[in-house]
Amino acid sequence: MMEKKLTVAITTYNRQEALITQLKSLERQGNFDKYHITVFNNKSDYDVEKALRTALTPAFFKIITIYNRKFNVGGDCNIALSLLQVETPWMWLLSDDDVTMPGSLEAVLNDIE
């Protein structure tokens, strides 16, 4: 199994629809074996894991880790703390309301190589 070099870190707070749209834009790009996703949930008012498990395919959901903050630390702090928690050599930081362009993930992965 290839060691993953990239974590797509996504910060979120109470934007379920935007987060799902963001993740589906990544899901459409494939390459699930080449990267990992960590969602940094800043104490949203809904069950993020349940929402994502329902909205995404099982194969894609499998590469996602959800980190639930115990309390809302604010947007800037959620971003800063996510920088400390990624364990891969490379990280692509996105927000829940970003949407990636087709082929953008492949471009990032190619640049890393």
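A salt bridge is taken here as a side-chain nitrogen of Lys or Arg within 4 Å of a carboxyl oxygen of Asp or Glu. By this rule, the predicted model contains 4 salt bridges. Strand 1 pairs in the parallel sense with strand 2 and runs parallel to strand 4. The largest nonpolar core comprises 25 residues, and helix 1 gives the most to this core.

**Salt bridges between distant parts of the chain**

- The side chains of E113 and K5 form a salt bridge, with an N to O distance of 3.3 Å. E113 lies in the segment after helix 5 (104-112) and K5 in the segment before strand 1 (6-12), so that distant parts of the chain, 108 residues apart, are linked.
- E113 counts as exposed because its relative accessibility is 67%, whereas K5 is partly exposed, with a relative accessible area of 36%.
- R15 forms a salt bridge with D96, and their closest N and O atoms are 2.6 Å apart. R15 is in the loop between strand 1 and helix 1 (16-27), while D96 is in the loop between strand 4 (90-95) and helix 5, so this pair ties together parts that are 81 residues apart in sequence.
- The two partners are not alike in accessibility: R15 counts as partly exposed at 37%, and D96 counts as buried at 0%.

**A salt bridge within helix 2, and a network**

- E49 and R53 meet in a salt bridge through their side chains, at 2.8 Å from N to O.
- E49 and R53 are 4 residues apart in helix 2 (residues 48-55), and are therefore separated by about one helical turn. An α-helix has 3.6 residues a turn, so residues three or four places apart point the same way.
- E49 is partly exposed, at 37% relative accessibility, and R53 is also partly exposed, at 48%.
- R15, D96 and D97 are joined into one network by salt bridges that share partners.

**Strand 1 and its partners**

- All 7 residues of strand 1 are buried. L6, V8, I10 and T12 point one way from the strand, and T7, A9 and T11 point the other way. In a regular strand, the side chains alternate between the two faces of the sheet.
- The parallel pairing of strand 1 with strand 2 extends over 7 bridges, and I10 has V39 of strand 2 as its bridge partner.
- Strand 1 is joined to strand 4 by 6 bridges; V8 stands opposite W92 in strand 4.
- Strand 1, helix 1 and strand 2 together make a right-handed β-α-β unit.

**Helix 1 and the nonpolar core**

- Helix 1 has 12 residues and spans 16 Å from its first C-alpha to its last, close to the 16 Å expected at 1.5 Å a residue.
- The buried residues of helix 1 are L19, I20, Q22, L23, S25, L26 and E27.
- Within the largest nonpolar core, V8, L26, I37 and L52 touch the most other members. Elements that give two or more residues to this core include strand 1, strand 2 (35-41), helix 3 (58-61) and strand 3 (64-68). The contribution of helix 1 is 4 residues.
- When its neighbours within four places in sequence are left aside, I37 is in contact with V8, I10, L23, L26, F60, I63, I64 and T65.

Notes:
Residues numbered from 1 in each chain as written. Predicted model: local features only at pLDDT ≥ 70, side-chain atom pairs only at ≥ 80, totals over all residues. Heavy atoms only, no water. Buried < 20%, exposed > 50% of the residue type's maximum accessible area, 1.4 Å probe, protein only. Expected span 1.5 Å × (residues − 1). Core = buried A, V, L, I, M, F, W, Y, C linked by side-chain atoms within 4.5 Å. Contact = heavy atoms within 4.5 Å. Pairing = 2+ DSSP bridges. Right-handed = clockwise from strand over helix to strand, strands pointing away.
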